[in-house]
Amino acid sequence: MAEDKEEYIECPMCHSKNIKPKWDNIRSINQNDERFSIVQCKSCNLYFIKQKVSPEYLNNFYNKSVNGDKNVYNDENLEPLKFYYRKLKSCIEKIFPNKGKIFDIGCSGGYFLDVMEGWDRYGCEISTYYSGIASQKYGQNIFQGTLEDYEQNDNEFDVITLQDCLDHMIDPAKIVSKCYKLLKPNGLIVIKAHNIDCLFAKIWNKNFYAIIPPAHLFYFNKKSIINLLKLNNFNIQTYMYIPHILKLSTVFLRFAKGENGISYKIYNKLKNTKLGKICIYKDLHDIFTVFATKDCRLDEK
Ligand SMILES: [Zn+2]
């Protein structure tokens with residue numbers, strides 16, 4: 001139960017003690033009775049789950065909920081996601097026209113790497129199921145486990161991408177700091193995450209589709225993500241909203257936030273139908289992508 005968990009008394013990112021309750025009693029997507037609270041740091045604007053979870057808890061959560069037939073959250077939107085991947089590829093290749101060595105953290109089945117033709121492709125994935133799919137294509141370049149356990153030389157990669165994964169991690173500040181070390185001088189970090197400050201989130205409030213503890217432990221906005229990167233010596237290049245394409249059935253899956261309720265029933269009815277496969281263009285600013293480069297001048301000081 002969430003009540004038994006230790007709670008944060010300060011912001012895990014900026015260490016301010018000025019944290020205020022935002023939403024209480026949020027149901028876990030784990031289909032159990034667990035409840036979580038979300039708090040907001042008034043200093044850096046980060047929103048986060050107040051209850052601390054352990055690496056063992058998360059490992060169990062991911063390896064239980066995404067294997068077997070429970071992988072709809074990852075597989076459902078694969079084809080439409082490629083629309084975003086291609087746009088991201090062209091943004092990255094404007095900065096690295098000669099390509100290079102790329103590391104996709106939380107690479108799932110290697111689907112983004114598949115789009116990055118011509119690059120030296122590496123990935124890391126906690127789920128044994130998905131890392132297995134990625135390994136079939138990229139062999140030893142795929143590491144099964146968390147970034148904390150990943151051992152690699154410093155100054156190794158030209159580009160590191162974190163797409164829909166930083167908000168899942170126990171210690172985002174530690175992750176960003178590790179990415180700094182792994183990147184070559186002037187290397188690029190790309191972070192894609194949900195924007196808790198978008199109008200859509202404000203309207204839906206605690207029912208915003210991205211509020212899915214314990215999958216999402218952190219909820220970023222422009223201020224908190226830029227703050228996190230600057231704290232770790234990155235220079236912000238661009239903060240942007242890249243449009244997405246979603247299948248109609250996926251829209252209902254997102255609203256369902258679990259397998260109970262009317263939205264999930266509609267998703268099930270729609271999922272293999274022509275109607276459910278209709279694609280919707282989405283530019284709600286509910287997802288941001290931020291690009292930042294490793295500033296080595298700070299290392300020399
Ligand atoms: Zn803070």
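**Briefing: sheets, cores and overall fold**

Strand E2 (residues 35–41) and strand E3 (residues 47–49) pair in the antiparallel sense, with 3 bridges between them. The model described here is predicted. The protein chain contains 11 helices and 13 strands. The points below cover its two sheets, its nonpolar cores and its overall dimensions.

**The four-stranded sheet**

- The pair E2 and E3 belongs to an open sheet of 4 strands, ordered E1-E2-E3-E9, in which the pairing is antiparallel.
- At the edges of this sheet lie strand E1 (19–27) and strand E9 (218–219), each of which pairs on one side only.
- Within the E2 and E3 pairing, Gln40 stands opposite Tyr47 of E3.

**The seven-stranded sheet**

- A second open sheet has 7 strands in the order E6-E5-E4-E7-E8-E13-E10, and its pairing is mixed.
- Its edge strands are E6 and strand E10 (234–240), and each of them pairs on one side only.
- From one strand to the next, the twist of this sheet averages 15°.
- Helix H8 (residues 222–231) packs on the sheet and touches E8, E10 and strand E13 (287–294). The direction of H8 makes about 155° with that of E10.

**Strand E5 and its neighbours**

- Strand E4 (residues 101–105) runs parallel to E5, and 5 bridges join the two. In this pairing, Ile105 has Cys124 of E5 as its bridge partner.
- On E6 (residues 142–144), E5 has a further parallel partner, with 3 bridges between the two strands. Here Gly123 stands opposite Ile142 of E6.
- The chain passes from E5 to E6 through helix H5 (residues 128–138), and this β-α-β crossover is right-handed.
- Strand E5 (residues 120–125) is largely enclosed by the rest of the structure, because 5 of its 6 residues are buried.

**Nonpolar cores**

- The largest nonpolar core has 72 residues, and the members that touch the most others are Leu46, Phe48, Ile160 and Ile189.
- Strand E8 (residues 183–194) supplies the largest share of this core, with 6 residues.
- Leaving aside residues up to four places away in sequence, Phe48 touches Tyr8, Pro12, Ile38, Val39, Leu217, Phe218 and Tyr219. Phe48 thus ties into both sheet and core topics: Phe48 is one of the core residues with the most contacts to other members, and E3 covers residues 47–49.
- Another core, of 6 residues, lies apart from the largest one and includes Val251, Leu253, Tyr267 and Leu270.

**Overall dimensions and packing**

- The radius of gyration of the protein chain is 19 Å, close to the 19 Å that the globule rule gives for 301 residues, so the chain is as compact as a globular protein of that length.
- The C-alpha trace spans about 55 × 50 × 35 Å along its principal axes.
- Of the 301 residues of the chain, 39% count as buried.
- Considering contacts between residues at least 6 apart in sequence, 70% join residues at least 24 apart.

Terms used
Residues are numbered from 1 along each chain as its sequence is written. This is a predicted model: local features need pLDDT of at least 70, side-chain atom pairs count only at pLDDT 80 or more; totals for chains, interfaces and linings use all residues. Two strands pair if DSSP finds at least two bridges between them. A residue is buried if 20 or more other C-beta atoms lie within 10 Å of its own, exposed if 12 or fewer, and partly exposed in between; C-beta atoms are placed from the backbone. A crossover is right-handed if, with the strands pointing away from the viewer, the path from the first strand over the helix to the second runs clockwise. A nonpolar core is a set of buried Ala, Val, Leu, Ile, Met, Phe, Trp, Tyr and Cys residues joined through C-beta atoms within 7 Å. Two residues are in contact if their C-beta atoms, placed from the backbone, lie within 7 Å. Axes are lines fitted to C-alpha atoms, for helices over the stretch in contact, and angles run from 0 to 180 degrees between N-to-C directions. The radius of gyration is taken over C-alpha atoms; the globule rule is 2.2 Å times the number of residues to the power 0.38.
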